[in-house]
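This briefing concerns the interface between two chains and the sheets on either side. Please view the structure below alongside the points that follow.

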Amino acid sequence: MIYMVKIGLEIHCQLNTKSKLFCSCSTNISEKEPNSETCPVCLGFPGYKPVVNKKAIDFTIGIGIALGCTISNETFFSRKTYFYPDMSKNFQITQYEIPIATGGSIDIEGNKIRIRRVHLEEDPAKIVYANGDISTTEYTLIDYNRSGIPLAEIVTEPDIETPKEARKLLEKISAILEYLNVYDVSKEASLRVDANISSEGERVEIKNITGFENVEKALSYEVIRQKSMTRMKKVIERETRHFDETTRTTKGLRKKEYEEDYGYIFDPDLPSIRIDDAWINSIKDNLPELPDNKVKRFVGEYKISDYDAGVIAYTGKDMADFFEDCCKIYKRYDNISKWIINYLLKSLNWNSQKVSESKVKPNTFIELLEIMDNGEITERYAKELIKEYVDSGISPRALAKKNEFKVTDAELKKTVEGILKENEKALEDLKAGKENAKQYIIGLVLKATNNQANPKLIIKIMEELIH
Amino acid sequence: MKVGKLIHLKEFLEDAKNGNVDIGEFTAKVFSETKKIQEKFAPFITINDSIGELKKGRIFPLPISVKDCICTKGIKTTAGSKILDSYMPPFDATSVSKVKENGGFVLGKTAQDEFGFGTFSTNCAYSVPKNPYDRERSCGGSSGGAACITAAATFPHVAIAESTGGSITAPAAFTGTVGLTPTYGRISRYGLIDYSNSMDKIGVIGKEVFDAALLFSVISGYDPLDSTSSKVETKDFTRFIEKDIKGMKVGIPKEYFEGIDEKIAKNIMERAASLESLGAELVDISLPLTKFSLPSYYLIAMSEASTNLARYSGLRYGLQENVSGNFSEYFSDIREKGFGKEAKRRIMLGTYARAAGFREAYYIKALKVRQLIINEFKNAFGKVDVLLAPSMPITAPKFSEIENLTPLQIYNIDKLTTAPNMAGIPTISVPAGTVSGLPVGVQFMANYFDEEKLISVASAIQK
Ligand SMILES: [Zn+2]
């Protein structure tokens, strides 16, 4: 039996505008005392009126354009009513009938994932469970600092076929949002996902997952759970589930009515907004180059592979900029991309760093490639060195120099002599001028010296010894 | 029957400006009189006890009463509901700050139907205002307290009131006062506790047209804190008092006379005739959509109200109790105790009208009807300058009569005011004599932002 899975995502992105969506409170709430960044508007006091932050509309239009959507010429806000402790007014100001953007798509390795809509809404407050667990908590605390922060909600069609693909989509969207500079990529909670998944039975929704890895895990668990339910001939009911990060499982929260009933009305405090072509064009004209365009340009301009260009562009805007800065001072572009993708990224990931946050700079990184090119160090040694370089930011040449003095010339000569004696075959090949024999011996010497020798010097010694 | 005597504001303000009014003496008298009126007619929920330093502005030193649904800093504001019991707003509504900036002071907070839900000011959690013409009778609603103190005041005073579907016109007509309901968006709603935001309008009630025009001039104008506030510039509307109305076309919409008490209709037509004698031209006109305004008004109003009232859950302000049970149990308990019967009815009807499966048939359809009514008015104002109609189909009823009315019968009494209110066009209600000793009101309607025409025609009739 072929098992068809359909996954759709609702991605909530906290926009990094200076102030909240409908009041002048700051959106910079990290490390703020709970409920300190609030005012009567975001606390839902009677008599106060919302005034929309135009910047948030600009940002959402930008997201819509970047995801290939059509921007609505007229849009408005609605009230979505439900009683929940995180809602200051017990209704959320969101968009219902006509969102800011509709009908885009994103390509994930040839599979086209359609974007149904992008709309703007206010974030509810944050709920803190006394014991950290929604199902057993004795009481809950509410922090309204988050209340009213603008959220762009990106809704996909159920075109995603695997949990892994869901994760890839999220990574791609996150990179696009980062390029647009509309959200703070360093804050995990600034991207929250509701995932819906249906296979044999009804649609199941998993609410409020943070972290792309968790989305993949939650969906994978859900696929297995639904498969085994089907195998046991159990009916999969329409319901909302919650992902538990510690057990990596999903738990049922509530069975859902077929028709969600939020009793939407047009928000009568907020007149509809005309978005004319001039407005759309002004945003379009000021959009940064997006990752897909970068990939195309990198392939054309620097003749690197599609794959390399994709990895560099989607790692983040800072990495793409870093690559281009390197290309300005060093012309073997494919060597740059090779070393970024195979070695630099590994070291950065090890440190959980972005290149812009690290000590790595284009000139020192290129120095590493250059001293390799001119034989000051071997490629093998460079691979060792890069970790130290990423950690310290010290010039690779200086690092190599610092290291080479650990083995004196006399000691090194002795080591090389010894190794040549033990490897007669290699010695013969060396005399015959075979390059791989040379590399083989250098390898052995480096191993013997714990990489504390200068390869250039090793070659010099070898040449003296065989002549 | 004794109703508060007439004092011409213009002269009083002139006297005060020239230093001929002893402010201490004046305010002491105002408060002692207010207490007497309160005992007799109960127009206030709260009487202000500290007026502070008065600024020397255009309305210095005028006492202004404020309907209780409008926020006043440091003065209890309940919108007539138990659920906002002892609520102290941390700020002044824009209209109230404008009063203070211009030398006026807040006399107190006037009684009203809970959140504006009523036509008689009988759905009140606190005091029920009594009609100065007959204490057995209603002042009308929902701005009943505002009209009551205006009629009863023995000192210079103007009221800030509010109308969603006729809450200024009804009490003005029942108490023989002048009620001006401006164009939607002309007076900032910032600080107004919402009933139905797309129709809520702050307005004024005065003894004379001048009083209403004066306070309207002071508190109107664009306010960036209210997104629905209009940028159309405000002006000094007192300039349009008694302006020549020769050649003004006054439309008489026949639908507004159907089913009206004959004596009331006679009073109204006498006023029309007097306008004709002043050179106005009477034009018969038909507004066939009028009959659809009442149901669509109530659908929109209740839909919006049911979302506005969702926020009252006893958590951060207003009525609170010791927390027990879970969130749903706690807020249900608070709402059960805090809301009156009519509020609960409107929450249920409003929630129903916007629920999935019914939304299209009720809420959305009502909005479409509103658009048609707007078009009908626009069309009419292409032919006439103002429309003239009775303000209310009846005179002030006795409380004992109101008790026997069904909710639907009560809603029906709003049939002459719902259309202009839902369209958001300005109206003014002016006294038009009495029937059996009770005041009758005549209302004029005008096109958007044509308040000056209302003031001219209303002052002409007043003369
Ligand atoms: Zn705020």
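In this predicted model, strand β2 (residues 63-67) of chain B pairs in the parallel sense with strand β6 (residues 158-163) of chain B, over three bridges. Within that pairing, V66(B) has I160(B) of β6(B) as its bridge partner. The points below place these strands in their sheet, then turn to the contact between chain A and chain B and to a sheet of chain A.

**The sheet of chain B**

- Strands β2 and β6 belong to an open sheet of 11 strands in chain B, ordered β1-β3-β2-β6-β8-β7-β12-β13-β11-β9-β10, and the pairing in this sheet is mixed.
- The edges are formed by β1 (44-47) and β10 (281-285) of chain B, each of which pairs on one side only.
- On average, and with direction ignored, neighbouring strands of this sheet are turned by 30 degrees against each other.

**The interface of chain A and chain B**

- Contact between the chains involves 34 residues of chain A and 38 residues of chain B.
- About 2900 Å² of area is buried between chain A and chain B, and carbon and sulfur atoms give 58% of this area.
- Three salt bridges are found across the interface; one of them joins D269(A) to R189(B), with the closest N and O atoms 2.9 Å apart.
- The interface also holds 23 residue pairs in polar contact, counted where both residues have pLDDT 80 or more.
- On the side of chain A that touches chain B, β4 (78-81) and β15 (265-266) of chain A each supply at least two residues.
- By class, the residues on that side of chain A comprise 20 nonpolar, six polar and eight charged.

**The sheet of chain A and helix α8 of chain B**

- Strands β5, β4 and β15 of chain A form an open sheet of three strands in the order β5-β4-β15, with antiparallel pairing.
- Because β5 (91-94) and β15 of chain A stand at the edges with a single partner strand each, one side of each is left without a neighbour in the sheet.
- β4(A) and β15(A) run antiparallel and are joined by two bridges; here R79(A) stands opposite I265(A) of β15(A).
- Helix α8 (residues 290-308) of chain B lies across β4, β5 and β15 of chain A, and runs at about 60 degrees to β4(A).
- The strands β4 and β15 of chain A thus appear in two settings: both are part of the antiparallel sheet, and both supply residues to the side of chain A that touches chain B.

Definitions and conventions. Residues numbered from 1 in each chain as written. Chains lettered and ligands numbered in written order. Predicted model: local features only at pLDDT ≥ 70, side-chain atom pairs only at ≥ 80, totals over all residues. Heavy atoms only, no water. Pairing = 2+ DSSP bridges. Helix = DSSP H or I, 4+ residues; strand = E, 2+ residues; numbered from the N terminus. Axes fitted to C-alpha atoms, helices over the stretch in contact; angles between N-to-C directions. Contact = heavy atoms within 4.5 Å. Buried area = accessible area lost by both parts, 1.4 Å probe. Salt bridge = Lys/Arg side-chain N within 4 Å of Asp/Glu carboxyl O. Polar contact = N/O pair within 3.5 Å; in protein donor to acceptor, adjacent residues only side chain to side chain. Nonpolar A, V, L, I, M, F, W, Y, C, P; charged D, E, K, R; others polar.
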